[in-house]
2 protein chains.
Amino acid sequence: MSLITKRDLPIGLFDSGIGGLTVLRALQTALPHENFLYLGDTARLPYGTKSPETVKSYSMNANEILTACGIKALIIACNTASAMALDVLREKFYPLPVIGVIHAGARASLDSASIDPIVVLATESTTQWHAYRDAITALSPSRQVIEWPCQLLVALTEEGWCEGTLVEQIIARLLTPLFTALGNTSPAAVLLGCTHFPVLKDAIQKVIGDTPIVDPAHFLAKEVKTLLLEKNLLRISSSLGSTRFMATDGIQRFARVAQTFLGTAIAPEEVELVTVIPTISVVKKASQS
Amino acid sequence: MSLITKRDLPIGLFDSGIGGLTVLRALQTALPHENFLYLGDTARLPYGTKSPETVKSYSMNANEILTACGIKALIIACNTASAMALDVLREKFYPLPVIGVIHAGARASLDSASIDPIVVLATESTTQWHAYRDAITALSPSRQVIEWPCQLLVALTEEGWCEGTLVEQIIARLLTPLFTALGNTSPAAVLLGCTHFPVLKDAIQKVIGDTPIVDPAHFLAKEVKTLLLEKNLLRISSSLGSTRFMATDGIQRFARVAQTFLGTAIAPEEVELVTVIPTISVVKKASQS
């Protein structure tokens, strides 16, 4: 009879939807013996065009589901949720370790780029609220960070368009104003500040030439491993870990689109539907949004 | 002193976000003396990738806000919400007249196309649940309707990409499998089954050649005028009507993106923020989504 310990509990992985599966993939590779519990808030995706208050509210609400299932650590894979809700999630779920992807991305970009500027490609909200600029300059105050919104690339990858001439033309059109503003000189590094973008890495590389591209997921996986070792929570087992998938809406679509991001297929039967019900509406005149 | 009557109440216009402003524009043109109250559920957009249960739940919840403000009729501008939630909204808000865009689109396409097939370009959800096929064949049972998902065009228009060679190439890539399946013959008509798509009308026309393109909004405006006359609710005034805008999130973004769809600019100060709070989570294992 084997004893189930806290080490065997899954690592919770939260994302606004499907893109976070690129982070799961990196974690599964780095930590093959761990169990994972992935939750995609597909009923309310995308977070990337929504306000900090709304992203906080959705993140707090959805992560109650993950923590109620029993997890040993919580990874906020979604860049937008990491940018806006990490502090409130840490407070709410204390003493559960809560790790966001933004800090790992900031560390990874500083490792890759010794000169300026560091360019961050992200969603509208992550860009607008300067999550990466703040995280990078908190570690290295004098660094120059340019955050560039590429919201359209989210829809592009969910359509399964990840390579080819047309995809490169779309990326080029999004990035041309940036490169023009940089005087057509190359940045030191381009950080993929949205979990959808790693599947476009080759296409982006063709557009930007030799500039190194940084995917925070690999650095995040290292951070998680270090944390688990520190807290004596690394799973000790000869068997590979398993992964459980949950989504707040559309499990058929989740399963269909997942392969692009995870690299392997998921059957709809493998995804559990978790329903989030809106119940109260408050009407208020706003001074800002 | 002028008397405020029921006729002076605004017409409520509901959309999942910003695309419904193309419908508002058509209504303002056809009914210049009417007042309008527009609500975009920007906190939960897009509806087009979400399940019927979720779209019903969001639509019921958000439209309580519109009806609480006092309206004389409710127009469901969003195709996805019209497809999935019209019946429950009619029941919930009875005896308020509730009109969906799908029926108008079905009528409009039959007016424009005497031969088959009728092609409907729409979101994933509208397509998947066969809203237009059912509405058109309910009016004319033998007609052949092909519903074609173009979800990517929603993000494209919200990016403000509405014309030019690259946009036409993207549209062509989305439509090529359809035209190949049709043996490269032209359909009788192409119906724009998503409120975002009218701003792409010229670009779509360049891709599909001479095939007539049908925008339900103009037919809807006629239906609304007929209904108001029948119910003695048409506003009688020498002055032009006014429009009030509400959104459930991101009024800065709403105002910024609005111009693409409405044709005129809106200042953020003109948009009221209406907050929707998620409060209850129910975890259940689903057999389908």
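Begin with the surface of chain A: its accessible area comes to about 11,500 Å², of which 52% belongs to carbon and sulfur atoms. Such areas come from the Shrake-Rupley method with a 1.4 Å probe, and for residues only the protein chains shown count as cover. The model is predicted, so that local features need pLDDT of at least 70 and side-chain atom pairs count only at pLDDT 80 or more, while totals for chains, interfaces and linings use all residues. Residues are numbered from 1 along each chain as its sequence is written, chains are lettered from A and ligands numbered from 1 in the order in which they are written, and side-chain values use heavy atoms, with hydrogens and water left out.

**Chain A as a whole**

Display chain A as a C-alpha trace, which spans about 65 × 50 × 40 Å along its principal axes. The radius of gyration, taken over C-alpha atoms, is 19 Å, in agreement with the value near 19 Å for a compact globule of 289 residues; the globule rule is 2.2 Å times the number of residues to the power 0.38. Of these 289 residues, 61% are buried. Here buried means under 20% relative accessible area, exposed over 50%, and partly exposed in between (1.4 Å probe, protein chains only).

Switch to the cartoon view of chain A to find eleven helices and ten strands. Helices (H or I, at least four residues) and strands (E, at least two) are DSSP runs, numbered from the N terminus.

**Two helices of chain A**

Select residues 52–68, helix H2 of chain A, and locate Ser59(A) within this helix. Is Ser59(A) buried or exposed? Its relative accessibility is 0%, and Ser59(A) therefore counts as buried. Which residues does Ser59(A) touch, leaving aside those up to four places away in sequence? They are Phe14(A), Tyr47(A), Ala81(A), Ala85(A) and Leu89(A), where contact means heavy atoms within 4.5 Å.

Next, select residues 131–139, helix H6 of chain A, which contains Thr137(A). Thr137(A) is partly exposed, with a relative accessible area of 23%. Add Cys69(A) to the selection: the C-alpha atoms of Thr137(A) and Cys69(A) are separated by 36 Å, and the two residues are 68 apart along the chain.

**The open sheet of chain A**

Now show strands S6, S5, S7 and S8 of chain A, which form, in that order, an open sheet with parallel pairing. Its edge strands, each paired on one side only, are S6 (145–149) and S8 (213–214). Two strands pair if DSSP finds at least two bridges between them. Four bridges join S5 (residues 118–122) to S7 (residues 189–192) of chain A in the parallel sense, and Ile118(A) stands opposite Ala189(A).

**Strand S5 and helix H11 of chain B**

Move to chain B and select residues 118–122, strand S5: five of the five residues are buried, so the strand is largely enclosed by the rest of the structure. In a regular strand the side chains alternate between the two faces of the sheet. In S5(B), Ile118(B), Val120(B) and Ala122(B) are buried on one side, and Val119(B) and Leu121(B) on the other.

Add strand S6 (residues 145–149) of chain B, which runs parallel to S5(B) and is joined to S5(B) by five bridges. One bridge partner to display is Pro149(B), opposite Ala122(B).

Finally, select helix H11 (residues 251–262) of chain B, whose buried residues include Phe254(B), Val257(B) and Phe261(B). Gly263(B) follows H11(B) and has a positive phi, near 90°.
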